[in-house]
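Welcome, and please get your viewer ready. We will go from the whole chain to a few single residues, one selection at a time.

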Amino acid sequence: MQATVILLKKLKEALVSVFPVAAIVCLLNLTPLVNFTAAEIAVFLGSAFFLILGIGLFNMGADLAMTPMGEHIGAGLTKSRKVLLLLSVGFLMGLLITIAEPDLSVLAGYVAGVIDGTTLIVTVGVGVGIFLLLSILKMVFHRPLSSMLLYFYMILFALAALVIISGNGNFLALAFDSGGVTTGPITVPFIMALGVGIATTLGGRDVGENSFGLIAMCSVGPILAVLLLGVSADGEIPYEMEDYGIPANIGRAILHTLGDTVKEVGIALGLIVVFFVVLQILCLKLPWKKLGQIAVGIAYTFVGLVIFLTSVAIGFVPIGFKMGVELSDNPWSVLVVAGFVLGMVVVLAEPAVHVLNKQVEDITDGTVSKTSMMVALSVGVGISLALSMLRIVFDFSILYYLIPGYLISLGLSFFVPGIYTAIAFDSGGVASGPLTSSFILPLAIGACSVLQGDGKIMTDAFGIVAMVAMTPLITIQLLGFNAVVKKTVRDRIAMKRILDADDEQIIRFM
């Protein structure tokens, strides 16, 4: 009975998340801006219905399984005081989970004509594994996140310059996108919970700050790894345009997509489960009741992710692509405004965003509420998509955005409490989830194919995931900066009242 009540609550939250996206698509169809067929709208609305079901089941599964598994592994290995074991498990988990991350497979499929999919996935996985290891070291030795991020982003932009000099500029946007898609619906709950487990076990004054930041670090690793791949590449390879339309035989397409998704999600969760079972036997020793709860949660997670990813692939990719094509036939301002509005609502439907917001509210004891987090994320993603559409219209390098954007975000990190910096950089990775790669990226590809031609897709359309990952770094840190300013003002007002108090009002005992 209790499980049914919780599931209904999760489904209600999912409905609130998905409804704005579906409403905007349907409203646009009533205007001269876009023209979808009845079949396309029917497939899209059907996909939206199943998307709600998938998000609800996934969120319930994350609460029951993914989050507890991560926390128990982090806490159990930290208590063992075997740092080498903790680091080894961290690297292997980062590698294996990333290799099986559905978001990364989606991105690899988009660029299969430019780079071998297996090579890209393994390269990104190694990058995540190494930086998850470095994140654990940061927590063990209590190193500040802002300093580490500044150091690695300096290296990152130096490598970006080398990629441009080597004539492989089409790897640039792909590299930054790789950092965004890596932190998907499977990776985020587990890695965030792993950080919470390690931080709470280590203790200390910076427990709250240490609980976040792993996603931030794990987003840097893939970018560096793919940039290194770009430096050693033999030159630019043209992008091969695919058919993103709704298939004629929708039933066969659903079965084919469902089969592929079951396989991908099964491998992803299977790797996590096998690793968890090995650790359970060797050192965790959790009670059977807890293991039963985790098993039920894994089942919810599996079913929810399969439904979610299948729905997105069938209904959202084709609609996103066609919307991009048709909006591009209007004045460029229409495309920019549409990007802003879509960005504000699409982030609501990302499953991992709700996991992050709940964890932020819990860790900060309500100081940073789910509502304020969601508003900051929505505004940030809306701005990022509007700026991305401008880049497609006027055809300029993504570095014109990324360099000043990261300089601002890294600069803010020295003026706001550390926990806001850690949350902000985690939010960037979380916001760029499966709906971004399966709805917003096809929209950008469609718009770019019309405005700049297929030859510019790799440089102009790609990079939109990176933009979605960057702008929350600024908006959420501004949230923290605003909190600092308000506290300073309150303290000054309180001090002024004390100093201005009438001496006659003071009771003297001496």
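Before selecting anything, fix one term: a residue is buried when its relative accessible area is under 20%, exposed when that area is over 50%, and partly exposed in between (1.4 Å probe, protein chains only). By that rule, buried residues make up 55% of the 510 residues in the protein chain. Please keep in mind that this is a predicted model, where local features need pLDDT of at least 70, side-chain atom pairs count only at pLDDT 80 or more, and totals for chains, interfaces and linings use all residues. Residues are numbered from 1 along each chain as its sequence is written, and side-chain values use heavy atoms, with hydrogens and water left out.

**The whole chain**

Start with a cartoon view. The protein chain has 20 helices and zero strands; these are DSSP runs (H or I of at least four residues for helices, E of at least two for strands), numbered from the N terminus. The radius of gyration is 23 Å, close to the 24 Å that the globule rule gives for 510 residues, so the chain is as compact as a globular protein of that length. That radius is taken over C-alpha atoms, and the rule is 2.2 Å times the number of residues to the power 0.38. Along its principal axes, the C-alpha trace spans about 90 × 60 × 55 Å.

Now switch on a surface. The protein chain exposes about 20800 Å², and carbon and sulfur atoms supply 69% of it; the area comes from the Shrake-Rupley method with a 1.4 Å probe.

**The core**

Next, select M323, F439 and F462. In the largest nonpolar core, which has 158 residues, these three touch the most other members. Such a core is a set of buried Ala, Val, Leu, Ile, Met, Phe, Trp, Tyr and Cys residues joined through side-chain atoms within 4.5 Å. Helix 12 (residues 288-327) gives the most to this core, with 14 residues.

What is F439 in contact with, leaving aside its neighbours within four places in sequence? Its partners are V21, V25, F316, I319, G320, M323, L342 and V346, where contact means heavy atoms within 4.5 Å.

**Helix 15 meets helix 20**

Move to S384, found in helix 15 (residues 370-394). S384 is buried, with a relative accessible area of 0%. Beyond residues up to four places away in sequence, S384 touches M467, V468 and T471.

Follow that last contact to T471 in helix 20 (residues 464-500). T471 is buried too, at 7% relative accessible area, and among its contacts are G380, V381 and I383.

Just past helix 15, pick D395, in the loop that leads to helix 16 (399-412). D395 is partly exposed at 29%, and has a positive phi of about 55° although it is not a glycine.

**Two more buried stops**

Select L156 in helix 6 (residues 145-165). Is L156 buried or exposed? At 0% relative accessibility, L156 counts as buried. Leaving out residues up to four places away in sequence, L156 touches F176, V220, I223, L224 and L227. Try a distance label to Y400: the two C-alpha atoms are separated by 15 Å, with these positions 244 residues apart along the chain.

Finish at T421 in helix 17 (residues 418-431), which is buried at 2% relative accessibility. Leaving aside neighbours within four places in sequence, T421 is in contact with L145, S413, V416 and Q477.
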